[in-house]
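Reader: Hey, can you walk me through this one? I'm new to reading structures, so plain words please.
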Amino acid sequence: MRRYYSVILLSLILFSRQDRLFGQDDLLDMLDKEPATEINYTTATFKSTRVLNGHSVERMPAGQLDVRISHRFGRVNSGAYEFFGLDQSNVHFGLEYGITDWLMIGLGRGTYEKTYDGFTKLTLLRQSAGAKVMPVSVSWVSSIAVNSLRWTDTTRTNYFSSRLSYSHQLLIARKFSPSFSFQLAPTFVHRNMVATEVDPNDIYALGAGGRLKLTKRISLNAEYYYIINPKDFMSSKIYNPLSVGFDIETGGHVFQLIFTNSRAMIEKGFIGETSGSWLKGDIHFGFNISRVFTLKK
Amino acid sequence: MKRATVIFAITFLFLAANAQKYMTRNGYIGFYSHTAVEDIKGDNNQVASILDISTGDIVFQVLVKSFHFDKALMEEHFNENYMESEKFPKSTFKGKITNLSSVDFSKPGKYDVTVEGDLNIHDVTNKVAAKGTIEVVTGGINANSKFNIVPEDYKINIPGVVRDNIAKNLEVAVTMKYTPVESK
C-alpha cells in the first residue's frame, strides 16, 4: 500500500511541477522563445525627407504625396531696415511622390536663380533588426536643376545645357536610439557652366546630419557639408553650409524651423554657392512645411 | 507493482490530457477608432497566443510594430508618438477564462466565455475583463472577442491638436485560430 502512495505522491509532484511550469508567465515565456521570424524595420530615422536643407535617408512610402513649401528669409544681420531679413523672401515649392516603397520622385521650383528642379531617390537598404539585421539605412538621390534666369549676355550663343547642374548623393544613416539618428552624405555636384575659369565644374562634399529628439514631437536637427575642393581660388568666396533647426510635428504636418548660412534649398545651390558666413552673422532664418497626402492606399 | 504502474499510467494520462495547449502565431487583433473627422483602423495579423485548456490560462503577445494602417503616416505616428514602439515593443495579455467549466472542449460547438487578466500596453498594466466566444472545431479552437480600451488608461497621451481625430474609446477585435501544440 505504501508503495502505491509513493507512486501517487510522485505523480502529484510531477503534476504540480507541470502546473508550475505552465503558469501564465511561462506561457508568455514560451511565446518569447520562438525564433524571431519578422524583420523589424527601423522607422522615422528622420521625421522628414530632409534633414534641413539636404535630403535625409527617408523617402515617401508608395502612394503618398508630400507637398512642401519652404522659405529662406534674408540675412538676420541686414538690420532693422530689412526687418532682420524677413523683408526678403526666397521660396521653394515642391511636389514629391512615392511611386513604390523604395522609389520616390520630386519636382520643384525655387526663387533662387528661378530654378526648376527634379530628383529621384532610391532606398537601397533599410536598417532592421529581428530576422534580418542591417545596421544602416542607405539611400541614393540624384537631382537635376535648371536655372531659368534670363541670360545676362544675349549677344553670345547661349546653350540650354549651360543652365543644367546635377547632384548625386549617397545617404547612409543609422538610428542609434529612438531619440538619436545620424547620417553621412558623400555628395557630388556637377555644374555644366560656371562663372569663371577658376571655378570648378565638379564639387565634392561630405555631408553630416543629425537629429536629436527633444520631445515626442520636437527634435533638434543639425546639418553640415564639408566642401572638399579648395575654396580659396574660386571667383567668389564660398562657405561650407551649416544649418541648425527644429522639426516640429503636428499630426499631418512637419514644420522645420531653420537657421542656415545658405539661401538656396537645392543641393546645387547650398553646396558650392553658399556665400554667407555664420561667423559674420550671415544667417538666414527659414522654414520648411511638409504636408503629406495619401493618394493611393 | 502492476497496480502501481497502472496508477502511474492513469495519472500520467490524466496529466497529458490536462496539459493541452493550443497556440497560434498569426492571430488577428485590430482596433478601430471612429470620430467625425476620420476613421482609423489598425490591423495586426501576427499575434501570438497560447490557450491552455486544462487551466483556462490564456496569453497574448503582440508586436506593436506589426499593426498596419491604411495611411503610412498613421502607422508612423502610432509607433513614434503614441505607442513608442521602440521603447515598448510588445503588448501582452495574461489571463484566465473564468467560466472554464462551461466549455466542453471535447464537443464541437460555440461557447460564451469571460476572460479576465492583466493587459499590458505602453508599459502600463491594467486589469481587464472581456466577453468572447470559444468555438471548438475539428483540429483546433477558434476564439473571438470584442472589447473597448481607453488610450488614456495606458498613459497614451493624445495632444490637443489631434484630439478630435482619435476616439476616446477604441474598439478592439480579437480573432484567433488555435491549433494544438505538439507535446515535447
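Author: Sure, and one term before we start: two strands pair if DSSP finds at least two bridges between them. Keep in mind as well that this is a predicted model.

Reader: OK, so what is the bridge partner of Glu116(B) in S6(B)?
Author: That's Ala129(B). Glu116(B) belongs to a pairing where 13 bridges join strand S5 (residues 109–121) to strand S6 (residues 124–137) of chain B, and the two run antiparallel.

Reader: And what does S6(B) do on its other pairing, with S7(B)?
Author: S6(B) is joined by 6 bridges to strand S7 (residues 140–149) of chain B, again antiparallel. In that pairing Thr133(B) stands opposite Asn144(B). The two strands form a hairpin with 2 residues between them, and Gly139(B) in the turn has a positive phi of about 85 degrees.

Reader: Then where does S7(B) go next?
Author: S7(B) pairs with strand S8 (residues 170–180) of chain B, antiparallel, over 9 bridges. One example is Ser145(B), whose bridge partner in S8(B) is Val174(B).

Reader: How many strands are in the closed barrel of chain B?
Author: There are 8, running S1-S2-S3-S4-S5-S6-S7-S8 with antiparallel pairing. From one strand to the next, the twist averages 25 degrees.

Reader: What packs on that sheet?
Author: Helix H2 (residues 24–33) of chain A does, touching S2, S3 and strand S4 (90–97) of chain B. The helix direction makes about 40 degrees with that of S3(B).

Reader: Tell me about the start of the barrel, then. How are S1(B) and S2(B) linked?
Author: As a hairpin, with 4 residues between them. Strand S1 (residues 21–34) and strand S2 (residues 39–52) of chain B are antiparallel and share 11 bridges. Thr24(B) has Ser49(B) as its bridge partner in S2(B), and Ser49(B) also stands opposite Phe60(B) in S3(B).

Reader: So what's the S2(B) to S3(B) pairing like?
Author: S2(B) and strand S3 (residues 57–63) of chain B are antiparallel over 5 bridges. Their hairpin has 4 residues between the strands, and Gly56(B) there takes a positive phi near 85 degrees.

Reader: New topic: which residues have the most contacts inside the largest nonpolar core?
Author: Tyr22(B), Ile50(B), Leu51(B), Val59(B), Ile141(B), Ala143(B) and Tyr178(B), in a core of 35 residues. S2(B) gives the largest share of this core, 5 residues.

Reader: What does Ile50(B) touch?
Author: Setting aside residues up to four places away in sequence, Ile50(B) touches Leu27(A), Met30(A) and Leu31(A) from chain A, plus Lys21(B), Tyr22(B), Met23(B) and Val59(B). Apart from the largest core lies another one, of 12 residues, including Tyr112(A), Tyr225(A), Met265(A) and Ile271(A).

Reader: And how is chain A divided?
Author: Into domain 1 (2–32) and domain 2 (39–294). Their centres, taken over C-alpha atoms, are 64 Å apart.

Reader: How many strands close into a barrel in chain A?
Author: 12, in the order S2-S3-S4-S5-S7-S8-S9-S10-S11-S12-S13-S14, with antiparallel pairing. The twist there averages 20 degrees from one strand to the next. For one pair, 8 bridges join strand S12 (residues 242–250) to strand S13 (residues 253–260) of chain A, and Gly245(A) has Ile258(A) as its bridge partner in S13(A).

Reader: Last one: what scores does the predictor give the complex?
Author: An ipTM of 0.73 and a pTM of 0.82. Chain B averages a pLDDT of 88, with 89% of its residues scoring at least 70. Where pLDDT is low, the predicted coordinates shouldn't be read in detail.

Conventions: Residues numbered from 1 in each chain as written. Chains lettered and ligands numbered in written order. Predicted model: local features only at pLDDT ≥ 70, side-chain atom pairs only at ≥ 80, totals over all residues. Domains from an automatic or database assignment. Axes fitted to C-alpha atoms, helices over the stretch in contact; angles between N-to-C directions. pLDDT = per-residue confidence, 0-100. Contact = placed C-beta atoms within 7 Å. Core = buried A, V, L, I, M, F, W, Y, C linked by C-beta atoms within 7 Å. Buried ≥ 20, exposed ≤ 12 C-beta atoms within 10 Å, placed from the backbone.
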